[in-house]
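This report introduces a structure to a reader who has not met it before. Please look through the sequence and the three-dimensional view before reading on.

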Amino acid sequence: MIDLILTTGAVNLTVGNIIMWLIAFLFIYLAIEKNYEPLLLVPIGFGILAVNLPLTFLMEEGHGLLWKFYHYGLEWEVIPPIIFLGLGALTDFGPMISNPKTLILGAGAQSGVYIAFFGAILLGFDIPEACSIGIIGGADGPTTIFTTVHLAPHLLGATAVAAYSYMSLVPIIQPPIMRLLTTEAERKIKMKQLRPVSRKEKIIFPLVTVMVICLIVPASAPLMVMFMLGNLFKECGVVKRLSDTAANELMNIVTIFLGISVGATMSAENFLKPQVIFVFLMGLVAFSFSTAAGILLAKLINLFAKEKINPLIGSAGVSAVPMAARVSQVVGAQADPKNFLLMHAMGPNVAGVIGTVVAAGVFLGLGG
Amino acid sequence: MVEWSLAIKICVFGLSAVFVSLAILIASIYVFGVILKNLEKNTTKKAG
């Protein structure tokens, strides 16, 4: 009888398991009640709950169900590139092609990645761990997961949750920084209406981009190739079925496995460590500096440019598509309700995705 | 022991790669924009 009782999960429960259950419930609550990244937080929360049920061995190497999802989905680099295929099929590069100089704002907003990278090193993390923490500043979930799985898989739960949390907190984190770094007059700057972009330009763009980026940073190829393939599906107009599948059904399917696999890495022994707090702290530093760098770079460009840029669109360079662009629109409209910045901000916003993938490629090439 | 030389190399190369690749993309967008415009002009002339 005692032997039988000892085989139940209940007697093997630890305080750590119970704390992780509370975290799981919190994530599920935030997703359902507050609508914070529900597509990710529901499966992540459930994965955390499942992996912290004692004696279920869901993450046992070679046998556990969730281990198989994690191993074949994330360790084999399958899921993040498929998400990028879907993102490509959803992304309109038109505003960026129409005003290409906004691309540079997407580059500037990657500065926070490197500030957090050094911050993490100063806090005692090694270089592969610091790379995984720094990339949170790109505000791009799949890229963060892709980088962390390669360089510091033991931090996957923390970096993925930090990245998605900060992405959902864009409307709270960014506006104070945007107001602090801009004057009322700057926030009122009206930008010239964007020219229409031809279909041919939109078709050529993914072909040129994949060649340019992969020739410069080959390690970024898995994400960049799939991103641009998805975009070519969308823009060529002859493979609507593939484009729709990539953007909807396929992306939804892999999102389920991404979420539950990330949650499954968050066992009590993996997650309840002081270093997780530092990961969140450095993630916030990365995100804040990226926002600030984008705005300051826009102000710098204004010193030389004939046609002024509204510096509020610089903060959209952190990726977090399209949330960051929407925040630029909202803060701009508060200064002048007749100022429509959304389409202008989409340029740096999608450029930020490309910039983050390049930064991740360099981390993977040199930081491993 | 942190390898500071590697950390600095990653930072310098990383930031340069981001700026250079996006700058080349900007240039490419302008170039293929001009090429497409010229092609369209020629096509219109021929049709005319």
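The report treats the two chains, their contact, the core, one covered helix and some backbone details in turn.

**The two chains**

The model described here is predicted. Chain A contains 21 helices and zero strands. Its radius of gyration is 21 Å, close to the 21 Å that the globule rule gives for 368 residues, so chain A is as compact as a globular protein of that length. Its C-alpha trace spans about 80 × 45 × 40 Å along the principal axes. In chain A, 57% of the 368 residues count as buried. Among the contacts in chain A with a separation of 6 or more, 74% are made by residues 24 or more positions apart.

Chain B has one helix and zero strands. Along the principal axes, its C-alpha atoms fill a box of roughly 70 × 10 × 5 Å. Of its 48 residues, 19% count as buried.

**The contact between the chains**

Chain A gives 32 residues to the contact and chain B gives 25 residues. On the side of chain A that touches chain B, the elements giving two or more residues are α7 (103–108), α8 (111–122), α14 (199–216) and α21 (342–366) of chain A. By residue type, this side of chain A consists of 23 nonpolar, six polar and three charged residues.

**The nonpolar core**

The largest nonpolar core has 136 residues. Those with the most contacts inside this core are Ile48(A), Leu66(A), Ala116(A), Ile136(A), Ala286(A), Val358(A) and Phe363(A). Helix α21(A) supplies the largest share of the core, 13 residues.

Which residues does Ala286(A) touch, not counting residues up to four places away in sequence? They are Gly112(A), Val113(A), Ile115(A), Ala116(A), Gly134(A), Ile136(A) and Gly137(A).

**A mostly covered helix**

Helix α9 of chain A, residues 127–134, is mostly covered, with seven of its eight residues buried. The buried residues of α9(A) are Ile127(A), Glu129(A), Ala130(A), Cys131(A), Ser132(A), Ile133(A) and Gly134(A). In chain A, they pack against α8, α10 (141–151), α11 (156–168), α19 (274–304) and α21. They also pack against α1 (4–47) of chain B.

**Backbone details**

Most residues other than glycine have a negative phi, and most peptide bonds are trans. The table lists places in chain A that depart from this pattern.

| Place | Backbone value |
|---|---|
| Val321(A) to Pro322(A) | cis peptide bond, omega near -10 degrees |
| Leu55(A) | positive phi of about 65 degrees |
| Ala139(A) | positive phi near 55 degrees |

Pro322(A) belongs to the loop between α19 and α20 (323–335) of chain A. Leu55(A) is located in the loop between α3 (38–51) and α4 (65–75) of chain A, while Ala139(A) is found in the loop between α9 and α10 of chain A.

Is Leu55(A) buried, exposed or partly exposed? Leu55(A) has 13 other C-beta atoms within 10 Å, and is therefore partly exposed. Ala139(A) has 33 C-beta neighbours inside 10 Å, so Ala139(A) counts as buried. The cut-off behind this step is 20 or more other C-beta atoms within 10 Å for a buried residue.

Key. Residues numbered from 1 in each chain as written. Chains lettered and ligands numbered in written order. Predicted model: local features only at pLDDT ≥ 70, side-chain atom pairs only at ≥ 80, totals over all residues. Helix = DSSP H or I, 4+ residues; strand = E, 2+ residues; numbered from the N terminus. Rg over C-alpha atoms; globule rule 2.2 N^0.38 Å. Buried ≥ 20, exposed ≤ 12 C-beta atoms within 10 Å, placed from the backbone. Contact = placed C-beta atoms within 7 Å. Nonpolar A, V, L, I, M, F, W, Y, C, P; charged D, E, K, R; others polar. Core = buried A, V, L, I, M, F, W, Y, C linked by C-beta atoms within 7 Å.
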